Amino acid sequence: MTRVERELQGLLSRTALGVFRLNGQFLAVSEKLARPAGLTAAWWQVLGAVLSEPLPVSGIARAMGITRQSVQRIADLLVHEGLAEYRPNPAHRRAKLLAPTHLGRVTIARIEPGHADLAARLATELGEEAFAETAAVLERLSEALDAVTASEPASPA
């Protein structure tokens, strides 16, 4: 293995470990922000995905990078709790659309003050320009990982 190959592998490892750590940090802070509204981070994540437009469970799963089965389980719980509802999907008879109810929107609105405060504190810590750049870099990294894994050859048996 060449020096360059080792350095590239090191960069991949540092990036992955950094993202894993960030994931844990975001999950912890999301749980803390969602708790006063009576939600979990996972419930907030799924309900938040459909605030702007109803989506099928598979669409939520793709957007969030999680399994369809886990989204289905959470969507069913949200519906049971009256926070969301299933609506007919004109594009697909069997794949219903998940949409927030009025109660779901009111519940999410209870998270907004803490969410806004955290965003402001992060912007102060990072600087607004660096905060925007961080979001853009993470989006590019996700797109790049999608691109390289989509074209990966099958693993040897």
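Colleague: Which residues of helix H3 (residues 57-64) are buried?
Modeller: Keep in mind that we are looking at a predicted model. To count as buried, a residue needs a relative accessible area under 20%. In H3, that description fits Val-57, Gly-59, Ile-60 and Ala-61.

Colleague: And what covers the buried residues of H3?
Modeller: Both helices and strands take part in this cover. Among the elements lying over the buried residues of H3 are H2, H4, strand S1 (55-56) and strand S3 (97-100).

Colleague: Which residue follows H3, and what is the sign of its phi?
Modeller: Look just past the end of the helix, where Gly-65 follows H3. The phi of Gly-65 is near 70°, so its sign is positive.

Colleague: Where in the protein is confidence lowest, and where is it highest?
Modeller: The protein has an average pLDDT of 94, and 97% of the residues score at least 70. Where pLDDT is low, the predicted coordinates should not be read in detail. The lowest confidence is a mean of 93, in H3. At the other end, with 98, is helix H5 (residues 102-109).

Colleague: How are helix H2 (residues 41-49) and helix H4 (residues 68-80) placed, roughly parallel or roughly perpendicular?
Modeller: Two packed helices are described by the angle between their axes and the distance between the axes. For H2 and H4, the axes come within 10 Å and cross at roughly 85°. Angles of 65 to 115 degrees count as roughly perpendicular. Therefore H2 and H4 are roughly perpendicular.

Colleague: By class, what residues make the contact of H2 with H4?
Modeller: H2 contributes Ala-42, Trp-43, Val-46 and Leu-47. H4 meets them with Val-71, Ile-74, Leu-77 and Leu-78. No polar and no charged residues are found in this contact, and the class of its eight residues is nonpolar.

Colleague: Which strands are the edge strands of the sheet?
Modeller: The sheet is open and has three strands, in the order S1-S3-S2, with antiparallel pairing. An edge strand here pairs on one side only. That is the case for S1 and strand S2 (84-87).

Colleague: How many bridges join S2 to S3?
Modeller: Strands of a sheet pair through backbone hydrogen bonds, either parallel or antiparallel. S1 and S3 are antiparallel and pair over two bridges, with Pro-56 opposite Leu-97 in S3. S2 and S3 also run antiparallel, and there Glu-85 stands opposite Ala-99 in S3. The number of bridges joining S2 to S3 is four.

Colleague: Which strands does H4 touch as it packs on the sheet?
Modeller: The direction of H4 makes about 110° with that of S2. Packed on the sheet in this way, H4 touches S2 and S3.

Colleague: Which residues of S3 are buried on its two faces?
Modeller: In a regular strand the side chains alternate between the two faces of the sheet. Both faces of S3 are covered. On one side the buried residues are Leu-97 and Ala-99, and on the other they are Leu-98 and Pro-100.

Colleague: Is Ala-34 buried or exposed?
Modeller: You will find Ala-34 in helix H1 (residues 3-34). Leaving aside neighbours within four places in sequence, Ala-34 is in contact with Leu-39, Thr-40, Ala-41, Trp-44 and Ile-111. Its relative accessible area is 0%, so Ala-34 is buried.

Colleague: Which residues does Ser-30 contact, leaving aside its neighbours within four places in sequence?
Modeller: Ser-30 also has its place in helix H1. Ser-30 counts as buried because its relative accessibility is 17%. Beyond those neighbours, its contacts are Ala-41 and Trp-44.

Colleague: What does Thr-15 count as, going by its relative accessibility?
Modeller: Thr-15 is found in helix H1. The range between 20% and 50% is called partly exposed. Thr-15 has 35% relative accessibility, so it counts as partly exposed.

Colleague: Which residues does Thr-107 touch, not counting those up to four places away in sequence?
Modeller: Thr-107 lies in helix H5. With a relative accessible area of 8%, Thr-107 is buried. Its partners farther than four places away in sequence are Ala-37, Leu-39 and Leu-83.

Methods:
Residues numbered from 1 in each chain as written. Predicted model: local features only at pLDDT ≥ 70, side-chain atom pairs only at ≥ 80, totals over all residues. Heavy atoms only, no water. Axes fitted to C-alpha atoms, helices over the stretch in contact; angles between N-to-C directions. Parallel < 35°, antiparallel > 145°, perpendicular 65-115°, else oblique. Contact = heavy atoms within 4.5 Å. Nonpolar A, V, L, I, M, F, W, Y, C, P; charged D, E, K, R; others polar. Buried < 20%, exposed > 50% of the residue type's maximum accessible area, 1.4 Å probe, protein only. pLDDT = per-residue confidence, 0-100. Pairing = 2+ DSSP bridges.
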